[in-house]
Structures are given as structure tokens and as C-alpha cells.
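User: I would like to go through this model with you. Could we start with how its helices pack?

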Amino acid sequence: MATAKKTLVIVESPSKAKTIGKYLGSHYKVVASVGHVRDLPKSKLGIDIDNDFEPQYISIRGKGEIIKELRKEAKKASKVYLATDPDREGEAISWHLAYLLGIDPDKPCRIVFNEITKNTIKEAIKHPRKIDLHLVDAQQARRVLDRLVGYQISPLLWRKVRKGLSAGRVQSAALKILCDREKEIRQFQPKEYWTITAEFKKGKTFSAKLAEYKKKKIVIENKEQNDRILEELKKGSYTVTSLNRRERIKKPYAPFTTSSLQQEASTKLNFNTKKTMMIAQQLYEGVEIKGQGSVGLITYLRTDSVRISEEAKAAAASYILENFGKEYAGKNVFSNKKKDIQDAHEAIRPSNIALEPEKIKDSLSSDQFKLYRLIWCRFMASQMASARFDNLQVEIQNGDYTFKTTGSKLLFDGYQKVYKNSIDDDKDRLLPALEEQEKLDAEDVRGEQNFTQPPSRYTEASLVKELEEKNIGRPSTYAPIVGTLTERKYVTREKKALLPTELGFLVTGLMEEYFKEIVDVNFTAEMEDKLDDVELDEVQWKQVIRDFYGPFEKELAAADQAIEKVKVEDQPTGEVCELCGKPMVLKTGRFGEFIACSGYPECKNTKPVVRSINVKCPKCGRDIVARKSKKGRVFYGCSGYPECDQSFWYKPVNKKCPKCGSLLVEKKTKTTALACSNAECDYKE
């Protein structure tokens, strides 16, 4: 007897396939394409400019076996559903799969879901639709536009500046933002100013700052002015002239969008955008939960929307009522900054509120737990009542001078019971009981010299915020940007700050001079809107490309003629070549940075860049340094090699094993932070 044909469901990732397969049962076969299967070729432009910018897609190298397997499974199946991610990129992957498998994109072959839960998947299977070609065209427009910019400006930079450089539509605009901020910092002239603070005691000590002179804001510019005011204040007395008590309401934050999640995870958890997106993808696709199998824990992670489904609102309301009481229930309305685009998605929220972070902590890695807890708490808070504070504003008069201070007391914690934003500072600041016209004695009045500060450098979180506010790129593009800028040596990291290098300034200068529109923030934002219009069927995607390419082609030709070969100065290392005595310099080659003699080509002395980790070798006492193996894997070895062959695959720390005395190494797993470097010792902590 012939076996009944199964319905084939194709998703992108094996973990997603596993989770969905569990929900659909034995009549379905769920397989993974493992990401894109067709794309533009890496080795050439891959766009036929003369044939109206027709993309020349090819099957991705290395995907032959997967495509063969997918075709085999599709032939055996009674029906094929394409269940890739519910966004432009996912729609394009489905379109390419349909092409390779001979599926008619106008037939109902596409299923979409915002979360991977049993009910959502079963419901999605009942309502297949045809492939949305507007979404596909929006993705094609972005891909072609980025390819035209990147693959035509980058070779120019290779010829004129240095091999390995690159430019990009969003990348170059982001780099200009970083360079502009650094110029502001370098040109900043600090200005002196003084602040005067008075300390009073009535039961408890409290302070107030000088704010006004004759009811106008006061600015104290120098020590002479400060000293004169202090002398005048000594002659007068202090009287409470105004007590203004009011209730301050603090509303909860909207649930996370991709951008706000990236920002908050950076500030609160110290995750970079790439790490945040990787872990969020794991939580979305499914994590093995004890007793439940693979479970999708959050809704789709790429979204610009703060909308929440009615079912999720009802589930949250029920949870809040049961766990906190009805006074904690909120009726908050959040609105999107942009209409239409991506509003098919909800905000990022837990798929099942009952899966409290602490309940499933043992099933998650440390980082998964931290991010899931952040998402869970933020969503719950968004559905809760506002926090309320009793605020007291006090004015204290001394002649024509007005001092001001504020006290506050939490009346009702509301949403703050579960969540505080990284910028919240809502500690109680209690003032003593004061009365109008009450006389106060100042225990101390002092002036303090200050200087205005330059604007702060961007961090990855603040750059993401700036890109979003300026409408540059989209949430899915933010994560790779900083990675690309650091890989190209355009930007370095100093703690969390992003600092443009001289190479970054050089490339931005060339882009500003010869490709003004590419680095112009307004032009880039307008282009984003045009690309969104493709998705909304308000403009044809090739028209957007035609309008852009005419002027761009002329700029490209002019730049090629005008730009002279630029010499990038090598960075001195402070070392001297042991072969010829000339200075050693830091160079960048195909495989990254290395140290070489400045006397090249006469002297060909080179050595790898090694970075000390401030840990001494347990064998010989010299520094342990980070090195790279021939395959590019980082390991840690003694700087005295080859005389000393001590090495570690995991990063050693300045701490010895209490059991055997060997160095401990960072070996992070779900349950371990440090472990003994001695293979025969089982010590962990």
C-alpha cells in the first residue's frame, strides 16, 4: 500500500523547522533552506545595467546539495508551502525558492506567522496566500541599489587608496555621522561656568542650587562673578517663597521594536547589535524547554511596529490581574512613528506570557535568559498602569537670588514593579516638611567651577537611535553596519564609544567631495522612503533605480578622473626592527593587521600583531598574549615562544584553581563562567 503524500513546508533555519515540525505532526514534512538559496554573484556586479538593471541571480555556491534535496522533497509532496520569515527578506527567499522548485508564485503557496506557537502555525496553514511581489520588489530594489553603490565605489577606493576598503549606501552615511561628531569634539572650545549650591538643615540636610537672579536664569561665567555673588548672599537671609506640590505621572514604555531592543540590550546587558539579533533569532525560532520540547519564545524580531494583538493584550491583562491586582492594569495606547510599513508585524513580545523567565531559566543559556527577561518584562510593563510620584518644587529666596530644589516620593510603582528603563532615575528624594515664608539657615554656600563638555561620542546604541531618527537604513541593517565599519578599520572601539580612524576620515572626505548624495543624511532618508513606496505599490522598483543611477554614473566617472592616488601613512608601533634598526609600522593586509619594517622592500621583516591580556605565563613568568592560528582561530600563548610552548584555547584569567593551582580560563556555558585549564582537573565556578 502506497504511503500518503505529505505536505512540504520550507523554512529558513533547522531550529525553526524542528519547532514547527513538532506542531504540525506526521502529515507534514518541515525542511530548512538554511537562508538564501539564490543571490547576486559575489565575483562581479551581477546587474545588467544595459538591460534596465535586470539582476543576474545565481544559485549560491555551496547550496547545490540543499537545492537538490529541496527539489526531491517537493516532487514527493502533495503540496508545498513556503514559510520563510514574514518580511521583505523572507518574501524574497520564498520567491527564489518558488523559482527553483517550479512553484507558481501566483498560487497560494506562501504562509506567514508572527510567532512560532501551535495555534499560530495551525492557523497560518489554513490561510496560504500568493507571494507578495511588492515585498519582493522592495527587497530587490534595496539589493540592487546597494550592489550598484558598493560594487562600483569600492573598486575605486581600492585603486586610489588601499585594497580591502568599501563604501555602501547606509554604511557611508553612518560613517559620516560618526566623523561629523568627532569633528565637533575636536573643534569644541570648553567654556567656564560656575554653579552655586546652598546646604540647609531642618531635621535632615538638603541642598538647593542658585537658579535665577531677578526672576531670570542666571549664568555665572567666572570666579570674580562667583565670589561677588557669594559675598552678596552672606549679607542676606534665606526664605522659603514657594512650595509647589503636584503629582507626576510616568507612563510605561512601548513594547520593543527591533531598534529599541538593540538600544536597550546594549545599555542594560552590554550586548552589541549583532549579538542581540543572534540571540533574539534563537528565541524566535525555538529553544528546547524541559518537558515541552522546542518552543518559540518571542514574536518576530524584525519590526518597526509597537502594535500588540488583542489576544496578547487580553493575556497580559489576565496575568496582571492575577499576579498584581486590578490597580496595576493599564490602558495604554502606543502609536507607530511610520504608518503602513511593517505594521503587519507586532512589537517584539513573549509568545506565551505564562513562560515566565525564572520558570524556564534552566533551559536557557545565560544570554538567552537575560534577553528573554528583558523582552518579557518590557512587554508586561507596557500593559501596566503608570507610576505616580508626589513632586515638590521649592523656591528659596535671598534678596534678588532664587535657589531651587525638588523632592519626590513614589506614591505607586505601577509598571516599575517589573521594569525600569536604563535612563530611569526615580529614587525617592525626600525633603523635610517646609512652610512658605519659613526662614532657613544655610550651613554652607559654595561655588564650584565647571567647564562645558563636548558632545559625547556615539556608542552602538546611540548610533542605532540616530540612524532610526534620521530614517537611515532599517532595523535589520543596523546590526551589520558597525561590524563592517570596524572590520574596514574606519572605526575603532574605545570601551563602548565608536571612534573614527584617520582612514575613516579620509574615506568620508573622498565620499563627501565626489559622492555627496551617498553620504547625505537627507538624501539617504528620502531614498528609504522611495524604497518603502515600492512596498506600498506607489512606484515601480526599477524606476527608483533609474532615477538614482543617471546622476550616480556621472559622479563615478568624474571621481575616477579627479581622485589622485592617496597614500595612507602607516602607523608607527614604537618598536625598532631587530634586523636593520628602522622603525616598525602597523600595516593592514588581506588577512588583517601585521607589523612590518618601514624599510620594505630592502628589509622584509614582519611579525604578527600580539595583544597582551595582562596574565603571566605559569611556566616562565612572561606575558600571555592573544594570537591567531593558521586557520584564524584566536588562542592564547606565551610571548616567549618558541622557548616556552605554554598555550590555551580559552582566555586565561589572573586566578588560580583552588584544587590544583593551574590557571583558570573563561569557559562560558549555561552553568559555568570559569574552569580549570588543567584537562585532568574538573574544577568549575
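Analyst: Certainly. This is a predicted model. Helix 8 and helix 11 are oblique to each other, because angles from 65 to 115 degrees count as roughly perpendicular and these two helices pack at an angle of about 120°.

User: How far apart are the axes of helix 8 and helix 11?

Analyst: The axes of helix 8, residues 258–269, and helix 11, residues 366–382, are 11 Å apart. The crossing of helix 8 with helix 11 is right-handed.

User: Which residues of helix 8 and helix 11 meet there?

Analyst: From helix 8 there are Ser260, Leu261, Glu264, Ala265, Lys268 and Leu269. They meet Lys370, Leu371, Leu374, Ile375 and Arg378 of helix 11. By class, the residues of this contact are six nonpolar, one polar and four charged.

User: And helix 9 with helix 11, at what angle do they pack?

Analyst: The angle between helix 9 and helix 11 is about 85°, and their axes are 10 Å apart. Helix 9 and helix 11 are therefore roughly perpendicular to each other. On the helix 9 side, the contact is made by Lys275, Thr276, Ile279, Ala280, Gln282 and Leu283. Helix 11 contributes Asp367, Gln368, Leu371 and Tyr372. These residues divide into five nonpolar, three polar and two charged.

User: New topic: how much space lies in the largest pocket?

Analyst: The largest pocket holds about 1800 Å³ of space. Its lining has 46 residues, and Arg143, Asp146, Ser476, Thr477 and Pro480 lie nearest the centre.

User: Which helix gives the largest share of that lining?

Analyst: Helix 5 does, with ten residues. Helix 5 spans 133–160, and the helices that each supply at least two lining residues also include helix 3 (88–101), helix 6 (169–187), helix 9 (273–285) and helix 13 (475–487).

User: How does the lining of the largest pocket divide by class?

Analyst: The lining has 14 nonpolar, 14 polar and 18 charged residues.

User: Turning to the backbone, where is there a cis peptide bond?

Analyst: A cis peptide bond joins Tyr600 and Pro601, with omega at about 10°. Pro601 belongs to the loop between strand 22 (592–597) and strand 23 (606–608).

User: And what is the phi of Asp52?

Analyst: Asp52 has a positive phi of about 55°, although it is not a glycine. This residue, Asp52, is located in the loop between strand 4 (47–48) and strand 5 (54–55).

Key
Residues numbered from 1 in each chain as written. Predicted model: local features only at pLDDT ≥ 70, side-chain atom pairs only at ≥ 80, totals over all residues. Heavy atoms only, no water. Axes fitted to C-alpha atoms, helices over the stretch in contact; angles between N-to-C directions. Helix = DSSP H or I, 4+ residues; strand = E, 2+ residues; numbered from the N terminus. Parallel < 35°, antiparallel > 145°, perpendicular 65-115°, else oblique. Left-handed = near helix turned anticlockwise from the far one by under 90°. Contact = heavy atoms within 4.5 Å. Nonpolar A, V, L, I, M, F, W, Y, C, P; charged D, E, K, R; others polar. 1 Å grid on protein atoms, 1.4 Å probe; cavity = no way out; pocket = protein on both sides within 12 Å on 5 of 7 lines; lining within 4 Å. Points joined across faces, edges and corners; volume = space filled by probe spheres on them.
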